[in-house]
Amino acid sequence: MSEPVRYEVRVACPPDHAFRVFTERIDQWWPAAHRSLPGAALAFDPPGLGGCLVERPPEGEPVPLGRILAWDPPDHLAFSWRLGAPPGRFTRVDVRFTAEAAATRVAVCHTVADSGLGPDWPDRAARFADNWRRVLVPYVEMIGRPRP
């Protein structure tokens with residue numbers, strides 16, 4: 001199996017708040033430049049195991065980006081991710097929320113899973129790593145960084 005993409009940030013709040021902002025307010029912090037449909041809203045719909053991460057375009061039907069595979073607030077969220085994978089294939093994103101003093105460590109682990117990416121994973125993993133660094137900036141800004 002290929003090496004997963006790992007990226008961590010720390011936010012100035014307890015894990016339950018970090019989880020809620022990540023899941024309930026994803027449309028407010030996820031950058032528009034990192035959406036597949038112009039003007040689309042992003043949501044976990046319905047929230048919870050078996051739901052989907054969807055983009056809702058201004059007109060038309062919601063487009064599923066992946067299925068929610070784990071929903072264990074405030075500790076763990078996992079979902080499949082179809083963008084950057086061949087049609088009908090998915091990667092897997094696990095997000096863990098861990099208390100650290102007066103802050104929360106939010107750890108993203110993006111894996112090849114059973115996506116069929118095979119030899120394409122290293123190239124795509126590099127792009128996923130760069131994208132996670134960019135995507136999580138507004139999430140951290142929304143919550144705030146912990147004080148040193």
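**Looking at strand S5 and its sheet**

A hairpin joins S4 to S5 through three residues.

Student: Before we dig in, what kind of model is this?

Tutor: It's a predicted model. Now, about that hairpin: S4 covers residues 63-72 and S5 covers 76-81.

Student: How do you know that S4 and S5 count as paired?

Tutor: Pairing takes at least two bridges between two strands. Four bridges join S4 to S5, so the pair passes that cut-off. The two run antiparallel, and Ala70 has Ala78 in S5 as its bridge partner.

Student: What makes S5 and S6 a pair?

Tutor: Use that cut-off of at least two bridges again. S5 and S6 share six bridges in the antiparallel sense, so they are a pair too. For one spot to look at, Ser80 stands opposite Arg92 in S6.

Student: Why is S5 called mostly covered?

Tutor: Buried means under 20% relative accessible area, and six of the six residues of S5 are buried, so each of them falls under that cut-off. Both faces are covered: His76, Ala78 and Ser80 are buried on one side, with Leu77, Phe79 and Trp81 buried on the other.

Student: Why are S1 and S2 called edge strands?

Tutor: The order in the open sheet is S1-S7-S6-S5-S4-S3-S2. S1 and S2 each pair on one side only.

Student: Which helices lie against this sheet?

Tutor: Helix H1 (residues 15-24) lies across several strands, including S5 and S6, running at about 150° to S6. Helix H3 (residues 121-143) packs on the sheet too, touching S1, S5, S6 and S7.

Technical notes. Residues numbered from 1 in each chain as written. Predicted model: local features only at pLDDT ≥ 70, side-chain atom pairs only at ≥ 80, totals over all residues. Heavy atoms only, no water. Contact = heavy atoms within 4.5 Å. Axes fitted to C-alpha atoms, helices over the stretch in contact; angles between N-to-C directions. Buried < 20%, exposed > 50% of the residue type's maximum accessible area, 1.4 Å probe, protein only.
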